[in-house]
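Please read this briefing alongside the sequence and the coordinates. The topics are the nonpolar cores, the aromatic pairs and one buried threonine.

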Amino acid sequence: MLLCVTASHKTASFDMLERLSRTPDDVAPNLLRLASCVQGAVVLSTCNRFEAYIEVDEPVTAAGAVGVEAVLEAIEESTGIPSAELDGAYAVHSGRRVAEHLFAVASGLESVVPGEGEIAGQVRRALTAARKEGTTSPELERLFQRASQAQRKVKNVTALGRAGRSLVRLSLELADSRIADWSAERVLLVGTGAYAAVTLATLRERGATDISVYSPSGRAELFAKKHGLTAVADEDYARVASRSSLLITCTNAAEEPVLGPAHLQAPTGPVAVGCPMGAPTSQLVIDLGMPRNVDPAVANLEGVALLDLETIRLHAPLEELQATDAARTVVRDAADTFNVVGDRQSVTPAVVAFRSHIFALMEAEIERARARGDEDGRVEQAMRHLAGVLTHTPTTRAHELAADGRGADFVAALETIYGIRPANEGLDEQSATA
C-alpha cells in the first residue's frame, strides 16, 4: 500500500516547514530501519513542502496507521521535532489518492504559485536521492516516474505552465514597487545552486547588470566564471553586503542564517572586489532559502526591508482557473491510469493461480482420457475448449474488479471457493492473460 504524509504551506506554519527542512536526508533511511513493514521510502523536501512517500506491506494489520507512526518517529529522530508538535500540521493520503496528490504536486498544482516550474526538478531529485540511499521500491519507482510523465503532459497540453510564475519571478515582481531602475541596483546574490541560476537569469531579464555572488560553501569563483559575475571572497562578504542595495539569498549550504544585522552594518573601507564606495540609503533583502538564510532581525534595521518566503506566500496570485481545471483533469486521468495498472498487477498473481489450477485439472483429465483410448484427441480438444471458457469470465471479471479498486474481492473469493492463495512474486501481466 502506498502512503503519503505531507506537511505543506496549506497545513503547516512557515516555522514548522523550516524546522522540517533542516535534516531531510536522514528520514528515508530511518524509516526503513525503524519499521520492517516499510518496503520503500522517498522524501520530498522543498521550501514550502515536506512529504514522505512510503510503501507499506499490505498484510500488516492497520498498515496505514503503522506507516504514519513510522514516518512521525523517523521525523522526530532526524529533526528532533516531537510527534505531538506535528499534530494538525500534516495530512495523510493513502492508496489510490497518493498518485493523484503526487502528480498534482509535480505539476505545480499544489505550489504557492500554481504552475511554478521548480517543483518538477525537485520531485525528480527526490527519487534520485532515494535511489542513492537505497530506499526506493518498485512501486515507488513507478509512482515517481509516472509523476514526471504527468507533469510533462500538463506542461504540454495546458496553459498552466505558461500562466504560472516561479517564486523567484514573483519575488522580483513584488520588488518592482521598490525599484525604479534595475540597471542601477547593486545586487548581491548569495548561493550558487539551481535557484541561484534561475534568480540570476530573472534579474538579467529585468535589466540588472551590477551583480556579485557569494557562496557560503566556497563555490562563488566557479559560478561567477560560468555566468560572468564578480565573486565575493569570505573576507569581503560583510562589506559588499553593507553596500548592496538588493540582496537575494537562496542557498541550502548552511543550516543557520548566512545574513544578519552584523553583515549589513559592516564598517566602511576599501573592498577588494571593486564594489562602489558608500552604503545605499535603503536595502531590500529577499530570502528564498529554506531553512531561512536571513536573520529576521535585519527587518528591524533602519532602511532595510525584508521579503521572505512567508511574505511572498501571502502575495501569491489567485489560480488561473481554466488552466488549473484543465491541468487537474490531466492529473486525474494520469492517476486513474496509474491505479488501474497497479490494481491489475496486484490481481495478477490471483488470476495466474486460478488459471494454473484449472489447467492442472484439465491436464489430469486429459491424461485419464488418453489412458481410456482417446486416440483421435476429440476429448482433449473439447476439454481444452471447456477450460478456456471456464477461465475467460473469471479472468475478465478479476480485471474489471481491479479497475474498480476491488481486486481484493477476487482474491478473497478465490481462496473461499478453491482454497487458493496466490503467490506474490515472479509473476507478470502477460502470464495472467495468456
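The points below are grouped by topic and describe a predicted model.

**Nonpolar cores**

- The largest nonpolar core has 65 residues, and those with the most contacts inside it are L31, L203, L246, I286 and L288.
- Helix α3, which spans residues 63-79, supplies the largest share of this core, namely seven residues.
- When its neighbours within four places in sequence are left aside, L203 is in contact with L172, W182, V187, A208, I211, L246 and I248; of these partners, L246 is also listed among the core residues with the most contacts.
- A second core, separate from the largest one, has 29 residues, including V98, A126, A130 and V330.

**Aromatic pairs and a charge over a ring**

- A pair of aromatic rings is described by the distance of the centres and the angle of the planes.
- The structure holds four aromatic pairs, one of which is formed by F103 and F338; their ring centres are 6.0 Å apart and their planes stand at 80 degrees, over the 60 degrees required, so this pair counts as edge-to-face.
- This pair links distant parts of the chain, since F103 belongs to helix α4 (residues 96-106) and F338 to helix α14 (residues 321-371), with their positions 235 residues apart in sequence.
- F103 has a relative accessible area of 0% and is therefore buried, and F338, with a relative accessible area of 4%, is buried as well.
- Y214 and Y237 form another pair, with ring centres 3.9 Å apart and planes at 10 degrees, which is under the 30 degrees that set the limit, so this pair is stacked.
- Here too the pair links distant parts of the chain, with Y214 in strand β6 (residues 210-214) and Y237 in helix α11 (residues 237-243), 23 residues apart; both Y214 and Y237 are buried.
- R142 lies over the face of F338, at 3.8 Å from the ring centre, and F338 is the ring that also pairs with F103.

**The surroundings of T199**

- T199 lies in helix α9, which covers residues 194-205, and its relative accessible area of 1% is under the 20% limit, so T199 is buried.
- A polar atom of the T199 side chain lies 2.7 Å from the backbone oxygen of Y195.
- Not counting residues up to four places away in sequence, T199 touches V168, L189, I248, C250 and L288; among these, I248 is also a contact of L203, and L288 is one of the residues with the most contacts inside the largest nonpolar core.

Definitions and conventions. Residues are numbered from 1 along each chain as its sequence is written. This is a predicted model: local features need pLDDT of at least 70, side-chain atom pairs count only at pLDDT 80 or more; totals for chains, interfaces and linings use all residues. Side-chain values use heavy atoms; hydrogens and water are left out. Helices (H or I, at least four residues) and strands (E, at least two) are DSSP runs, numbered from the N terminus. Buried means under 20% relative accessible area, exposed over 50%, partly exposed in between (1.4 Å probe, protein chains only). A polar contact is a pair of N or O atoms within 3.5 Å; within protein, one must be able to donate a hydrogen and the other to accept it, and residues adjacent in sequence count only if both atoms are side-chain atoms. Contact means heavy atoms within 4.5 Å. Rings of Phe, Tyr and Trp (its six-membered ring) pair if their centres lie within 6.5 Å; planes under 30 degrees apart count as stacked, over 60 as edge-to-face and the rest as tilted. A charge sits over a ring if NZ of Lys or CZ of Arg is within 6 Å of the ring centre and within 35 degrees of the ring normal. A nonpolar core is a set of buried Ala, Val, Leu, Ile, Met, Phe, Trp, Tyr and Cys residues joined through side-chain atoms within 4.5 Å.
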